[in-house]
Amino acid sequence: VSVVVALAGCAVVTAAGWGVEMVGLPQPTHADRLVASAEGWLRDYPLAIVAFHATNAPVVDGICLRTSVGSFARSRLAVTGGPVFAVSTGHVRRVRGRRLPGFPALLASRIGCTATLLQPVLSAAVTRVHVEADQLMTIGVGEGAIVLNLPPYKGQRLVLYVLPESGRPILAAESLRGVRLTATLRLERPTPRLLVRLRPKLGLRR
Amino acid sequence: MTAGFPAPALRRALVLPRPPGWLIGWWFVGRAVVFVSCLFTHASLASLNGRDAAWYLRVAKFGYLLIPGKQSDPAFLPLYPIVLRAVHVLGVGWGVAGPLVSNIAFLAGLVLFHMLTRELFGEALARRATILLAIFPLSYVFSMGYPESLVLALGSAALLAAMRGRWWLAAACAGAAALARPEAVAFVLPLAGIAWQQREALGPWSRGAAVAAVAAPVAALAAFPLYLGTVLHDPHAWSEAQSQWGRRVHLTGIPDALARLPHSVSNSPAGFRDTCLFFVYLGLLLAAWRLGTPRLWLAAALGITVFPLATGTVHGIGRFGLLAPPLFWGLAAVARTARRERILQAVSLVLLVLGTVTIANVIP
């Protein structure tokens with residue numbers, strides 16, 4: 001009798017604990033989960049192959065590689081036409097190539113590099129204030145994405161499109177001084193062989 | 001007519017006796033020191049909701065979300081946020097809920113700690129220990145949006161209920177305590193000691209209840225990974241989040257932490273404080289042992305004091321030790337003369353002011 005009572009008592013305590021937690025706490029919203037997943041993708045994938053679409057301007061292709069991690073992460077962004085930019089939090093500096101007339105370099109560095117995208121996404125994931133997820137948007141034949149309207153982060157108002165199941169970011173958009181720029185993202189983990197090819201292109205030493 | 005209310009035995013079990021005037025007085029003195037120091041330094045009580053309190057509030061507002069590879073909220077146990085949420089539903093603002101719950105729970109905790117100590121060591125020592133706990137230098141934590149005061153109340157209630165043979169109440173309180181702080185698992189040892197003492201007098205049903213109460217902290221804690229598995233689809237979310245806070249237990253953690261003590265002392269004020277308190281706690285445990293504290297109670301207190309070192313750091317030990325009653329029995333034993341008691345009270349109050357004014361800069 002004692003053993004049965006003890007086992008039943010333990011089961012009741014565990015079940016009661018689980019029940020109290022289920023009833024007493026809210027569950028994370030779908031938007032919260034997607035933001036956390038997107039943060040994971042951006043952290044795990046240092047390379048972004050990007051197509052920038054600005055209003056009334058031709059598409060500009062680019063690649064952005066994160067070269068260091070942490071709060072002061074740095075990246076290199078190279079775009080078609082030659083210029084290479086050194087990107088750090090809030091700063092972008094042309095290190096090579098000619099200026100590309102009309103190309104919003106600051107905006108491109110904010111939404112085209114995983115390191116810079118990571119900051120507002122991480123902030124939204126941790127604080128979880130006012131993250132809004134719009135319904136599924138069709139972005140291609142048979143493809144859909146959830147639109148995440150992230151809360152303002154240091155004056156930045158980022159809109160991130162992520163895949164509904166995995167939370168993988170596929171598109172980022174932001175407006176600055178009347179210019180709206182959209183970046184179609186393909187996140188990659190560079191292989192050592194790819195890195196050897198990319199480094200000269202990004203103005204980095206081998 | 002008492003229809004609709006639990007039976008008299010249960011009602012007696014749930015209702016606290018009226019606290020003595022001196023206890024309310026010392027609780028008030030300690031809290032007044034904390035509030036005035038806080039207002040004087042920071043011009044607001046916002047610092048009582050800082051540090052971990054902000055994370056508990058976030059869980060209460062939004063629930064859990066694991067951010068792999070980053071510090072996230074599944075590192076924090078759920079009972080305190082559940083209580084905050086319940087209080088908020090009653091109309092209390094989020095900013096007030098934490099300190100309100102903590103301070104009221106601390107008063108209940110002091111009453112229960114006093115009753116528990118009186119049963120073991122008599123009124124004189126119980127009174128000294130309770131006063132010293134009310135104004136202990138780190139007792140500002142009991143006014144912050146932290147779960148320590150709730151665990152003190154629930155843990156003392158569990159042990160007291162067990163000593164009085166109310167094993168189901170002991171199981172409920174011990175389980176609840178473990179859902180607020182993992183240190184409550186150490187209560188398994190004194191609960192087991194009490195159950196062993198009472199084994200002859202217990203019938204089969206009560207014996208089963210006693211075993212359930214002994215296992216309740218572990219059983220309740222098991223509910224948390226189950227919950228995280230249900231909600232986040234990751235039962236390991238707690239340990240994953242803990243590791244991001246530097247709280248992963250290593251086999252070599254204790255020697256590592258001891259080897260790093262000189263570095264901890266010189267590196268940060270919190271490290272200095274916690275290293276000092278670690279040695280003070282060891283001394284108080286010795287005093288509690290000489291006082292005649294049962295061995296299993298001492299083992300639990302030693303576990304609460306020493307086990308956190310297994311994570312490789314001394315940080316937080318000062319705060320964790322607040323949940324080990326034998327430390328305060330040891331302190332009361334040290335303060336056995338009126339002169340020593342007055343000196344300890346004065347030193348405690350001065351250090352309580354110092355601790356409170358540095359909340360914003362020194363991690364509790």
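These are my notebook entries on one strand of chain A and on the contact between chain A and chain B.

**Entry 1, ground rules.** I am reading a predicted model, in which local features need pLDDT of at least 70, side-chain atom pairs count only at pLDDT 80 or more, and totals for chains, interfaces and linings use all residues. Residues are numbered from 1 along each chain as its sequence is written, chains are lettered from A in the order in which they are written, and side-chain values use heavy atoms, with hydrogens and water left out.

**Entry 2, strand β4(A).** I looked up β4 (residues 84-88) of chain A and noted that five of its five residues are buried, so the strand is largely enclosed by the rest of the structure; buried means under 20% relative accessible area with a 1.4 Å probe, protein chains only, and strands are DSSP runs (E, at least two residues) numbered from the N terminus. A:Val84, A:Ala86 and A:Ser88 lie on one side, with A:Phe85 and A:Val87 on the other.

**Entry 3, its neighbours.** I found β4(A) joined by five bridges to β3 (residues 74-79), running antiparallel, and by five bridges to β5 (residues 91-96), also antiparallel; two strands pair if DSSP finds at least two bridges between them. A:Val87 is the bridge partner of A:Ser75, while A:Arg96 in β5(A) is that of A:Val84.

**Entry 4, chain B.** I then turned to the interface, where 29 residues of chain A are in contact (heavy atoms within 4.5 Å) with 42 residues of chain B. I noted zero salt bridges between the two chains, a salt bridge being a side-chain nitrogen of Lys or Arg within 4 Å of a carboxyl oxygen of Asp or Glu.

Conventions:
Buried means under 20% relative accessible area, exposed over 50%, partly exposed in between (1.4 Å probe, protein chains only). Helices (H or I, at least four residues) and strands (E, at least two) are DSSP runs, numbered from the N terminus.
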